[in-house]
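Welcome, and please open the model in your viewer. We will begin with the whole chain and then move in on one helix.

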Amino acid sequence: MATTTIDVIPLAGSLGAEIRGIDLRRMSNQDWAQVHQAFLDHKVIAIRDQVLSPQDIMDVGARFGEPNHYPFVKGLDGFPFLFDIVKEESETRNFGGGWHSDTTYMQTPPLATLLYAIETPPRGGDTLYCDMVAAYEALSDGMKAMLAPLKGVNSAGLKHVGGRKAHHAAIGGMSITGTEEAETFEAVHPLVRTIAETGQKAIYCSRGHTTHIEGMTEEESRPLLDWLQAHATRQEFTCRVNWKPGTLTIWDNRRTMHSAINDYQGMRRHMRRLTSGPTHPV
Ligand code: SIN
């Protein structure tokens, strides 16, 4: 198979790139090496003009390792790790609004998330991303030293928005499941993690999932967690992906947070998601 030369077009100053000129169904290992290098370089890659079946998405995800299980949405028939994110015209709440990294409340959260656009609104419905490595590197030496030994306690409970059950109850277009048990999903991870392939350090906590710092109360932890989130989401650490049907965006879930923008009321949006590559944050 001939090697393709892919176009990698940066989306913003800190992170994110658009990729053109590749068909993920028909790529050689050398082609994938270029895509993977872009993923390592840019942390978020929006690969345009793909026509992907559920199996094709699973095959791309397998490049990062085993699939991760998402506990709160039923998977597609025959593809339990893949699920659809749908917001119907009649719905007002979206899934994935608010800054977070995916499933940090699991013991082995995913290295990568793959999100494939099936139907997008004519305007709006973009996803924002922020660069947790750039945010870490911009900290003072004193703050870096203070964070180094700290661990965050991550919960799926979404207590800050009234609990996951109530929060998801307003999302009608999706096959939501098991939200009663959300608070039993809890994991302790370092507040600053090191990325194996690059040696980079990244802030690893979010207002959405990190309830407190291990050994501190929620009240004691909140000012620092809030400050870290405000710092990490500064404009210069962000990019946004504007979706078109056929865009597959892959983000590094270890080095970014994301937030789905809910600015397309009365319009339908349909995406398909896979998380992949269980990792032990260290
Ligand atoms: C998510 O948080 O996985 C959803 C992101 C999106 O729909 O843009």
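Accessible areas here come from the Shrake-Rupley method with a 1.4 Å probe. With that in mind, show the surface of this predicted model: the protein exposes about 11900 Å², and carbon and sulfur atoms supply 51% of that area.

Next, switch to a cartoon view, where you can find six helices and 15 strands. Turn the C-alpha trace along its principal axes, and the spans come to about 55 × 40 × 30 Å. How does the radius of gyration fit a compact globule of 282 residues, and what value does the protein have? A compact globule of that length would have a radius near 19 Å, and the protein has 18 Å, so the two agree.

Now colour by burial. Of the 282 residues, 56% are buried. If you draw contacts between residues at least 6 apart in sequence, 83% of them join residues at least 24 apart.

For the charges, select the 28 positive and 33 negative side chains. The centres of these two sets lie 2 Å apart.

Time to zoom in: select residues 54–61, which form helix H2. Is this helix mostly covered or mostly open? Mostly covered, with six of its eight residues buried. Show Pro 54, Asp 56, Ile 57, Met 58, Val 60 and Gly 61 as sticks, since these are the buried ones.

Which elements do they pack against? Add helix H1 (29–42) to your selection, then strands E5 (110–119), E13 (248–252) and E15 (269–278): the buried residues of H2 pack against each of these.

Key:
Residues are numbered from 1 along each chain as its sequence is written. This is a predicted model: local features need pLDDT of at least 70, side-chain atom pairs count only at pLDDT 80 or more; totals for chains, interfaces and linings use all residues. Side-chain values use heavy atoms; hydrogens and water are left out. Helices (H or I, at least four residues) and strands (E, at least two) are DSSP runs, numbered from the N terminus. The radius of gyration is taken over C-alpha atoms; the globule rule is 2.2 Å times the number of residues to the power 0.38. Buried means under 20% relative accessible area, exposed over 50%, partly exposed in between (1.4 Å probe, protein chains only). Contact means heavy atoms within 4.5 Å. Lys and Arg count as positive and Asp and Glu as negative; His and the chain ends are not counted. The place of a charge is taken as NZ of Lys, CZ of Arg, CG of Asp or CD of Glu.
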